[in-house]
Amino acid sequence: MRGHGHYIMKTKILTNEDNRARVALLDGEGKPAHELELVLCEGRGKDENDKACKFLYWAFESGKESNLDLSDFQDWLGELAKADLLTVDPEIWQRDAIGYRLNNGKFKTLQRTSKDGVRLDNLTPTEKLEAIVKSLGDGSAFKVRQSGDSKAKVEAKLVAEQDKGKRMAEIYKERREIEELEKAAKGDKKKPHQDALAALDLEFDQLATS
């Protein structure tokens, strides 16, 4: 599809479950050409009354937990560039993304000192430069903070625990009902109810130990 001098590429949400979403850039035939994965994270926000509240947002997962390779982003950017939808060359975009991460992360931290939890601007330009150069040389500028369980995983775990508790309560209720039917049944008619009870007991045990 062409408009305003360039192709407008279509996208599609392929899957969205368990706080993970797989999205695709579609080719001319409407088939997924390139895919990326996003996770639903939990942060802090403010409601309309300016009170602190939970803020859910989608983001790319980083570190070992991520299912993405650098080539996934390169392919996506390359396709956008071919359709004349990027204002810069893909390699320049990637270079600037790395620079942005350093400039607004580690470099900002290094150019201030901390006292009693307060960030102070008390270094000379030369001292700031020396701190940055040192971090580039010893690798600390590129160090990634270890996050343990990602917020998305914690959120997913909470949902799973809630679902598990709900199902265990349902099993308990179902069991009482089937026990009444089993007591009322006679002879061979008890067997189906006994089998159903055994199946529920097995499911309950599996949930309890998972």
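In what order do the elements of the protein run from the N terminus on? I noted β-β-β-β-β-β-α-α-α-β-β-α-α-α. I am working from a predicted model.

**Entry 1: overall counts**

I looked up the elements next. The protein has six helices and eight strands. I then checked burial. Of the 210 residues, 22% count as buried. The exposed area of the protein is about 15900 Å². Carbon and sulfur atoms supply 54% of that area. I also looked at contacts with a separation of 6 or more. Residues 24 or more positions apart account for 38% of them.

**Entry 2: the sheet**

I turned to the strands. Strands of a sheet pair through backbone hydrogen bonds, either parallel or antiparallel. Which sense applies to the open sheet of four strands here? The pairing is antiparallel, and the strand order is E3-E4-E5-E6. Strand E3 (11-17) and E6 stand at the edges. Each has a single partner strand, so one side of each has no neighbour in the sheet. I also noted the turn between neighbouring strands of this sheet: 25° on average, direction ignored.

**Entry 3: E3 and E4**

I went along the E3 edge. How many bridges join E3 to strand E4 (residues 20-26)? I noted six, with the two strands running antiparallel. Glu17 stands opposite Arg20 in E4. E3 and E4 form a hairpin, with two residues between them. Asp18 sits in that turn and has a positive phi of about 55°.

Then I checked cover on E3. How many of the seven residues of E3 are buried? The number is zero, so E3 lies largely in the open.

**Entry 4: E5 and E6**

I moved on to the other end of the sheet order. Strand E5 (residues 32-46) pairs with strand E6 (residues 52-59) in the antiparallel sense, over eight bridges. Lys46 stands opposite Ala52 in E6. E5 and E6 also make a hairpin, with five residues between them. In this turn I found Asp50, with a positive phi of about 65°.

**Entry 5: H1 and a surface patch**

What lies across E3, E4 and E5? I found H1 there, running at about 110° to E5. I followed the chain on from H1. Val88 is in the loop between helix H1 (70-82) and helix H2 (90-103). Its relative accessible area is 32%, so Val88 is partly exposed. Which residues join Val88 in a nonpolar surface patch? They are Ile92 and Trp93, and the patch comes to about 250 Å².

**Entry 6: salt bridges**

I looked up the charged pairs. How many salt bridges are there? The count comes to 17.

I opened one pair first. Lys128 and Asp121 meet through their side chains in a salt bridge, at 2.9 Å from N to O. Is each partner buried or exposed? Lys128 has a relative accessible area of 18%, so Lys128 is buried. Asp121 has 56%, so Asp121 is exposed.

Next came Arg175. Arg175 forms a salt bridge with Glu179, and their closest N and O atoms are 2.3 Å apart. Both residues lie in helix H5 (residues 151-184). They are four residues apart, about one turn of the helix. Glu179 is partly exposed, at a relative accessible area of 23%.

Arg175 also meets Asp201 in a salt bridge, at 2.6 Å from N to O. Asp201 lies in helix H6 and Arg175 in helix H5, so this pair ties together parts 26 residues apart in sequence. Asp201 counts as partly exposed, at 29% relative accessibility.

I also traced a network. Salt bridges that share partners join Arg20, Arg22, Glu35, Glu37 and Glu61 into one network. I had already met Arg20 in E4, opposite Glu17.

**Entry 7: further along H6**

I stayed with H6 for a last look. Asp205 lies in this helix, which covers residues 190-209. Its relative accessible area is 47%, so Asp205 is partly exposed. What separates the C-alpha atoms of Asp205 and Met168? The distance is 9.4 Å, and the two residues are 37 residues apart along the chain.

Notes: Residues numbered from 1 in each chain as written. Predicted model: local features only at pLDDT ≥ 70, side-chain atom pairs only at ≥ 80, totals over all residues. Heavy atoms only, no water. Patch = residues over 30% accessible without salt bridge, like charges linked within 9 Å, V, L, I, M, F, W, Y side chains within 5 Å. Areas by Shrake-Rupley, 256 points an atom, 1.4 Å probe, with all protein chains shown as cover. Salt bridge = Lys/Arg side-chain N within 4 Å of Asp/Glu carboxyl O. Buried < 20%, exposed > 50% of the residue type's maximum accessible area, 1.4 Å probe, protein only. Pairing = 2+ DSSP bridges. Axes fitted to C-alpha atoms, helices over the stretch in contact; angles between N-to-C directions. Contact = heavy atoms within 4.5 Å.
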